[in-house]
Amino acid sequence: MARLTTIPLDKTRDEPETDEPLLTWWQSVYDHVFVALHPFVERGLVGSSVADHEKAGAQMRWGELARDIGGSAFTDFALALVMASYGVKPEQREQMDLPVPPEGLVDRVHDAMGVRGEDYPWDDSISPALELGLAEAFERLGARSLVAWTEFREASSVVSCRTLAAHGTEWRQRLPQPLHVLQDGQARMLVTASFDDLWSLIALTDAARDGVQPETLFEGFWAGPETRTDWLNHPGSYQPPADWP
């Protein structure tokens, strides 16, 4: 990802830009990284905007859809879900020598989404569906206000945990671009999302992990020593969610 040259690199707030494992990138800054999967949200429109609906609508975890279509390994399902969401064909990934899920799995996900009452998970930025849980996570740290940044960290705003947890997403209008970063003032926990991703990364210090326990709030998994931002393309570099069906 290209950066604006006027903004210095700051690992306390920036996401990994290289093929380095997440834990290597944030070494000496954050000690743990939890990959929080963006949930499916029931279709329709609740509130005055798509973001409002994403925050207020009924949610469904990835594991629930996986069970509904007959079950599959998490590594296969995650890849099939992303491919179905973006309309990527298996042959396109095969041409780039990238892993593909078992034959027919992308179609099963696509067909199931066509008849179900949920939308694909939010992409490109931190999902509003996570905001209530994130507010609780930061409150577990004792934080009352957070700094929010846009993708390239060229604009920021302050938001209270109370506002983050409240109904509605009007506070996001303070930022000229979608929300890509949330961080407490003491840099104990960072939440960031990247373009095209259906998940957010939660980076924490040792003390923050013990206090926050994000696995109790979100579906997801802990990054291992070799887990990268493009973990989908590196099967075996991470452990699936502990409660995966």
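Glu 64, Asp 68, Arg 116 and Glu 118 are linked in a network of salt bridges. The structure is a predicted model. Within this network, Arg 116 and Glu 118 pair through their side chains, with N and O 2.9 Å apart. Glu 118 is buried, at a relative accessible area of 13%. The count of salt bridges in the model comes to 13.

Another of these pairs joins Asp 19 to Arg 228, whose closest N and O atoms are 3.4 Å apart. Asp 19 lies in the segment before α1, and Arg 228 lies in the segment after β10 (220–222), so the bridge ties together parts that are 209 residues apart in sequence. The two partners sit in unlike surroundings: Asp 19 is partly exposed, at 46% relative accessibility, whereas Arg 228 is buried, at 16%.

A local pair is found in helix α7. Here the side chains of Arg 140 and Glu 136 meet in a salt bridge of 2.8 Å, N to O. About one helical turn separates Arg 140 from Glu 136, because the two are four residues apart in α7. Arg 140 is partly exposed, with a relative accessible area of 34%. Glu 136 is also partly exposed, at 35%. Helix α7 spans residues 131–140, and its buried residues are Glu 131, Gly 133, Leu 134, Ala 135, Ala 137 and Phe 138. Just after the helix, Gly 142 takes a positive phi of about 90 degrees.

The nonpolar interior was examined next. The largest nonpolar core holds 40 residues, of which Trp 62, Trp 199 and Trp 231 touch the most other members. At least two residues of this core come from each of α1 (22–25), β1 (32–37), α3 (62–68), α4, α6 (105–115) and β9 (199–204). Helix α4 gives the most, with nine residues.

Trp 199 has contacts with residues beyond its neighbours within four places in sequence. These partners are Val 35, Ala 36, Leu 37, His 38, Trp 62, Val 82, Ala 193, Thr 229, Trp 231 and Leu 232. A second, separate core has 29 residues, including Val 159, Leu 175, Leu 204 and Trp 222.

Helix α4 covers residues 74–86, 13 in number. From first C-alpha to last, α4 reaches 18 Å, close to the 18 Å expected at 1.5 Å a residue. Its buried residues are Phe 74, Phe 77, Ala 78, Leu 79, Ala 80, Leu 81, Val 82, Met 83 and Ala 84. Gly 87 follows α4 and has a positive phi, near 70 degrees.

Terms used:
Residues numbered from 1 in each chain as written. Predicted model: local features only at pLDDT ≥ 70, side-chain atom pairs only at ≥ 80, totals over all residues. Heavy atoms only, no water. Expected span 1.5 Å × (residues − 1). Buried < 20%, exposed > 50% of the residue type's maximum accessible area, 1.4 Å probe, protein only. Core = buried A, V, L, I, M, F, W, Y, C linked by side-chain atoms within 4.5 Å. Contact = heavy atoms within 4.5 Å. Salt bridge = Lys/Arg side-chain N within 4 Å of Asp/Glu carboxyl O.
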